[in-house]
Amino acid sequence: MARVLHNLTVFALSLAQNIRGAGFWSLVYGYCALCSVVALFKLWWSFLLRPTTTFQWTVRDCPPACLNDTSLGTHCYVRIKESGLRFHYVAAGERGKPLMLFLHGFPEFWFSWRYQLREFKSEFRVVAIDMRGYGESDLPLSADSYRFDFLVTDVKDIVEYLGYNRCCLVGHDWGGTIAWLFAIHYPEMVTKLIVLNSPHPSVFTDYALRHPSQLLKSSHFFFFQLPRFPELMLSINDFKALKALFTSRSTGIGRKGRWLTAEDLEAYLYALSQPGALTGALNYYRNVFSSLPLSQSHIRSPVLLLWGERDTFLEQEMAEACRLYIRNHFRLNIISGASHWLQQDQPDIVNTLIWTFLKEGEGRKSYRN
């Protein structure tokens, strides 16, 4: 009798798990279909209004001068033996000083850290990388090449190539997600973790499934699962959607801070207009549903989480929930008026808060390799 009850229990648990799994993937694919219909309508409407320009866009051949600004650092390259990929990065500050490594988000590249490269090079070896699929780093076109484990290993390999065994790790948006994961899997390599507008991956998963409002704000996650069509929608009308992402009143940089200059915008369009660049950037999203939930979640490093109060894409309630997964000092700062791109539109406040965090507890000496 006991064995029968045990078998029934196991069967019931398995059935419940399968039902939840089926429900989850039904949600994913159903929402993908809905987003596709909306995107097709937008494409049709754009063609009606601008039939001669809708399918026109320009690949920028020459980088704007701001990308060669020597005050930001030196352009360097490294080829990782294990993956065979070549990575581009910009580095400043004296070699041998503590390493501060910056990981950018979507759809950015190393340039999003320009204010921080100038600020922290006085006491750190600051390095802002183009993550795989971005900028001048190699662009694997297979979506499988952007699995979480590959992205985390990239960070480990780069830190070691630079001659360090630990770093102060700073990440924003997708770079923040990779920073969380790196701190989970390689806690001994992270002296302090600084994340900007990116919730702990487990928090995001739990919250989004329970809050339809966040699921709606994350609709691009579902739309980007489609092959090729998202690249087209981001390209039409000479990358109008990307321009709006950085400059519009609802989502753009600098609504209450520093505006993105025309040259800054051209820097992003230069990087994202190159062949394969949009596919590389979008492939980060095309593995996300098969990579969550996480098998490990706890963070043992001290954590600073900075959050733009007016983030259009992520609800603020997720920021406080990150505390559940941190087994060390945790500081959360909500920056009033800041957008999702807070290190660019509120750089002075962001830099001050980072300095304050770095001086806490162990102090700067703890960063010595």
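These legends go with a few close-up views of a predicted model.

**View 1. The open sheet, strand by strand.** Here you're looking at 8 strands that make up an open sheet with mixed pairing, in the order 1-2-4-3-5-6-7-8. At the edges sit strand 1 (74–79) and strand 8 (330–335), each pairing on one side only. From one strand to the next, the twist averages 20 degrees.

**View 2. Strand 2 meets strand 4.** Strands in a sheet pair through backbone hydrogen bonds, and they can do so parallel or antiparallel. Strand 2 (residues 86–92) and strand 4 (residues 125–129) run antiparallel, joined by 4 bridges. To find one of the partners, look for Ala92: its bridge partner in strand 4 is Val126.

**View 3. Helix 3 lying across the strands.** Helix 3 covers residues 148–161 and lies across strand 1, strand 2, strand 3 (99–103), strand 4 and strand 5 (167–172). Against strand 3, helix 3 runs at about 150 degrees.

**View 4. Helix 5, mostly covered.** Of the 10 residues in helix 5 (residues 201–210), 7 are buried. They are Pro201, Ser202, Val203, Phe204, Thr205, Tyr207 and Ala208. What do these buried residues pack against? Their neighbours are helix 4 (174–185), helix 6 (212–217), helix 7 (219–223) and helix 12 (317–321).

**View 5. Thr352 and Glu119.** Thr352 belongs to helix 14 (residues 347–359). Its relative accessible area is 49%, so Thr352 counts as partly exposed. Thr352 and Glu119 are 233 residues apart in sequence, yet in space their C-alpha atoms are 9.6 Å apart.

Technical notes: Residues numbered from 1 in each chain as written. Predicted model: local features only at pLDDT ≥ 70, side-chain atom pairs only at ≥ 80, totals over all residues. Heavy atoms only, no water. Helix = DSSP H or I, 4+ residues; strand = E, 2+ residues; numbered from the N terminus. Buried < 20%, exposed > 50% of the residue type's maximum accessible area, 1.4 Å probe, protein only. Pairing = 2+ DSSP bridges. Axes fitted to C-alpha atoms, helices over the stretch in contact; angles between N-to-C directions. Contact = heavy atoms within 4.5 Å.
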